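User: I would like to go through the labels used for this model and see what each one rests on. Please set the values against the cut-offs.

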Amino acid sequence: MKNKNMLLILTMCIGTFLCMLDTTVMNIALPAIQTSMNVPLDQLSWALNIYTITFAVLTIPLARLADIFGRNKVYLLGLLTFAIGSFVSGDANIPATLIVGRGIQSIGAAIIFPTSMTIAIASTSQEKRKTALLTIGLTQGLASTLGPTIGGVVTEFLGWRWVFYINLPLLLIAFIAVIMQLPLRHEPRINAKIDFGGMLLLMVTLFSLTLSLTQATDWGWTSKRIIGLAVLTVIAFIAFVFLESRVKSPMVRLDLFADRQFSGAALTVILAGLLLIAVMVIMPTFFTQVQGKTELIAALLITPASFMIFVMSPIAGNIIEHYGPRLIITLGFLSMAAGYGVLGFMNPDRYWQTLIGLVLLGAGYGVIIGPITVLAASDFEGEKLTASQSVMGVLRQIGSVLAVAIFVSLLTSNINTAKTTAWHDARNRIEQTSLSQTTKQKMLTVTHQHFTSNGAKTSGHHSNGISQQQQAQIISRETALATVKAHVDQLPAPQQAIVRQQIKTQVTKKVSAVIKHDNREIKRTSSSIATHTKSLISQAFLTLCRHAFPFAIVFVFVALLFYRRKDYLALIHHDVKVEQ
């Protein structure tokens with residue numbers, strides 16, 4: 001590949017990298033944003049969902065606009081839009097502003113992602129197409145998985161706002177590089193049409209599905225609103241498929257799914273993305289809120305998954321022709337399923353067990369995502385090839401939407417259940433102590449405040465007991481009461497000072513002994529409550545992985561949609577007609 005073409009592909013990779021990076025870069029910063037804005041996690045989940053939903057829905061329509069008005073100019077507009085959204089997100093002080101900023105970002109991403117792919121393909125010869133697709137495909141996978149690590153480092157040293165501000169210099173570099181490399185005048189245009197009906201129906205489908213999944217635990221799975229949203233999702237999806245099969249320029253070309261290999265790649269990218277993004281969303285919260293780690297340490301702890309993707313993706317992409325896609329995809333899903341098995345049944349206080357789970361998960365995803373872009377291209381050419389890559393971009397986002405919606409919703413529900421159980425147990429433990437009723441009530445009040453204000457945090461349930469200042473106040477009050485009771489004021493003046501001092505000494509000794517005993521009792525009880533709460537909330541996280549484990553095993557059978565090695569070789573070399 002000529003150096004000029006490679007430089008252009010690398011320029012396109014910058015835009016692609018930022019688009020995919022911002023699907024996961026917020027994950028590790030969520031606890032910091034949650035603390036900064038003082039809001040529950042489920043309110044911030046829409047800052048993730050608005051990005052992925054809008055990205056998924058607008059990718060193909062905006063790609064069509066790029067064809068109509070000129071890809072190069074529209075690509076620059078996408079970079080500018082993404083920059084504005086990044087600035088608004090970084091400057092946000094309330095969830096609503098953050099959601100708006102993320103929405104603007106997603107519009108820019110929906111322009112950049114498909115347009116960068118089509119520009120790269122158009123600038124590459126047929127024989128070098130696989131290299132271009134593999135390069136951009138690896139960039140997509142690595143960006144998604146490196147997001148939490150990059151987010152953790154940036155959040156720790158610069159603050160969560162720089163998770164968004166850091167995009168600006170890279171966008172500037174990409175903007176200048178495009179101006180220098182691509183013609184903006186008299187560039188070729190395509191007379192394409194936009195499927196507004198399909199765009200609207202897909203948006204309704206994804207929005208109603210996501211809203212039902214995120215709100216089901218609050219509204220109730222059998223509530224009228226959830227049932228109504230479920231019905232709306234089904235109707236909108238059926239209408240979408242019906243419309244797409246009849247319009248001349250569909251948002252999603254359904255004939256792509258007639259190709260067995262593309263169908264397998266489409267389903268694989270959704271399911272693999274769901275399994276990976278789910279862990280990348282919940283693990284940072286687990287490490288920071290439950291284990292008490294900093295954002296930087298949390299980022300480093302999940303880095304092994306990203307590292308394995310980095311290692312395995314190119315290896316899998318290069319050996320796909322030697323072993324065939326069916327075996328490769330099978331091994332990938334088996335590894336991811338094993339990772340979920342380890343994460344679901346591990347001891348959360350033993351990081352080496354977590355490490356094994358993350359390594360298996362990352363390795364499995366790397367094996368799958370490495371060749372998936374090439375597999376999705378099948379033997380398509382021309383407009384069909386471009387359409388296949390745009391659809392794959394949409395499906396990646398759908399996988400992310402489902403992961404965030406399902407796992408954040410279930411995690412919030414599990415944590416709330418764990419906290420309810422922990423509070424009930426804590427109340428019983430406090431009532432069973434030998435503390436005075438007044439001290440018990442104060443301890444109950446403090447403990448309840450921790451449960452209601454700390455989200456999933458477990459480190460705040462320790463109580464320091466009765467402070468020295470409070471002890472001095474008690475001594476002063478008890479001394480005054482004892483002085484009145486002893487009628488000290490009726491004694492001769494010379495004796496009053498002596499008696500007052502004696503009373504204060506006796507009260508101080510008595511109160512100090514009681515408070516020393518109470519503080520030991522409070523410390524022991526609060527430590528027991530904190531340990532028990534941590535265990536319950538840890539289980540709230542692990543339960544998600546346990547429940548996902550059997551589904552991950554079932555996903556292995558998706559590999560049967562791909563060809564065996566001999567049939568795959570026949571397909572890519574066009575030697576014989578593929579029959580299976």
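Analyst: The model is predicted. A starting point is helix α2 (residues 30–37), where 6 of the 8 residues are buried, so the helix is largely enclosed by the rest of the structure.

User: Which residues of α2 are buried?

Analyst: Leu30, Pro31, Ala32, Ile33, Gln34 and Met37 of α2 are buried. Just after α2, Asn38 has a positive phi of about 55°.

User: What does the chain look like overall, in helices and strands?

Analyst: The chain has 19 helices and 0 strands. Its C-alpha trace spans about 115 × 50 × 50 Å along the principal axes. Of the 580 residues, 55% are buried. Among contacts between residues at least 6 apart in sequence, 83% join residues at least 24 apart.

User: How many salt bridges does a search of the whole structure find?

Analyst: The search finds 4 salt bridges. One of them joins the side chains of Arg253 and Asp255, with N to O at 2.7 Å. The cut-off is 4 Å between a side-chain nitrogen of Lys or Arg and a carboxyl oxygen of Asp or Glu. The Arg253 and Asp255 pair, at 2.7 Å, therefore qualifies.

User: What makes Asp349 and Lys534 a salt bridge?

Analyst: The closest N and O atoms of Asp349 and Lys534 are 3.7 Å apart, and the limit is 4 Å, so the pair counts. Asp349 lies in the loop between α13 (325–345) and α14 (351–377), and Lys534 in helix α18 (residues 493–555), so the salt bridge ties together parts that are 185 residues apart in sequence.

User: Why are Asp349 and Lys534 called partly exposed?

Analyst: The label covers relative accessibility between the 20% and 50% cut-offs. Asp349 has 48% and Lys534 has 26%, so both are partly exposed by that rule. Asp255, from the Arg253 pair, is also partly exposed, at 34%.

User: How do you know that Glu521 and Arg524 form a salt bridge, and where do they lie?

Analyst: Their closest N and O atoms are 3.0 Å apart, and the rule asks for a distance within 4 Å, so the pair qualifies. Glu521 and Arg524 both lie in helix α18, 3 residues apart, about one turn of the helix.

User: Are Glu521 and Arg524 buried or exposed?

Analyst: Glu521 has a relative accessible area of 13%, and buried means under 20%, so Glu521 is buried. Arg524 has 51%, and exposed means over 50%, so Arg524 is exposed.

User: How many disulfides does the structure hold, and why is Cys13 not bonded to Cys19?

Analyst: The structure holds 0 disulfides. The closest cysteine sulfur to that of Cys13 is in Cys19, 12 Å away, which is too far for a bond. A disulfide requires sulfur atoms within 2.5 Å, so this pair fails the test. Cys13 is buried, with a relative accessible area of 8%, and Cys545 is buried as well, at 2%.

User: What domains does the chain have, and how far apart are the centres of domain 2 and domain 3?

Analyst: The domain assignment gives domain 1 (1–189), domain 2 (193–248) and domain 3 (264–448 + 468–579). The centres of domain 2 and domain 3, taken over C-alpha atoms, are separated by 30 Å. Their contact takes 7 residues from domain 2 and 8 residues from domain 3.

User: What makes up the area buried between domain 2 and domain 3?

Analyst: The buried area is about 650 Å², and carbon and sulfur atoms give 78% of it. Across the interface of domain 2 and domain 3 the rule finds 0 salt bridges. The count of residue pairs in polar contact, both at pLDDT 80 or more, is 0.

User: Why is Phe242 called partly exposed, while Gln353 is called buried?

Analyst: Phe242, in helix α10 (residues 224–244), has a relative accessible area of 49%. That value falls below the 50% cut-off for exposed and above the 20% cut-off for buried, so the label is partly exposed. Gln353, in helix α14, has 17%, which is under 20%, so Gln353 is buried. Not counting residues up to four places away in sequence, Gln353 touches Val342, Met346 and Asn347.

How values were computed. Residues numbered from 1 in each chain as written. Predicted model: local features only at pLDDT ≥ 70, side-chain atom pairs only at ≥ 80, totals over all residues. Heavy atoms only, no water. Buried < 20%, exposed > 50% of the residue type's maximum accessible area, 1.4 Å probe, protein only. Helix = DSSP H or I, 4+ residues; strand = E, 2+ residues; numbered from the N terminus. Domains from an automatic or database assignment. Contact = heavy atoms within 4.5 Å. Buried area = accessible area lost by both parts, 1.4 Å probe. Polar contact = N/O pair within 3.5 Å; in protein donor to acceptor, adjacent residues only side chain to side chain.
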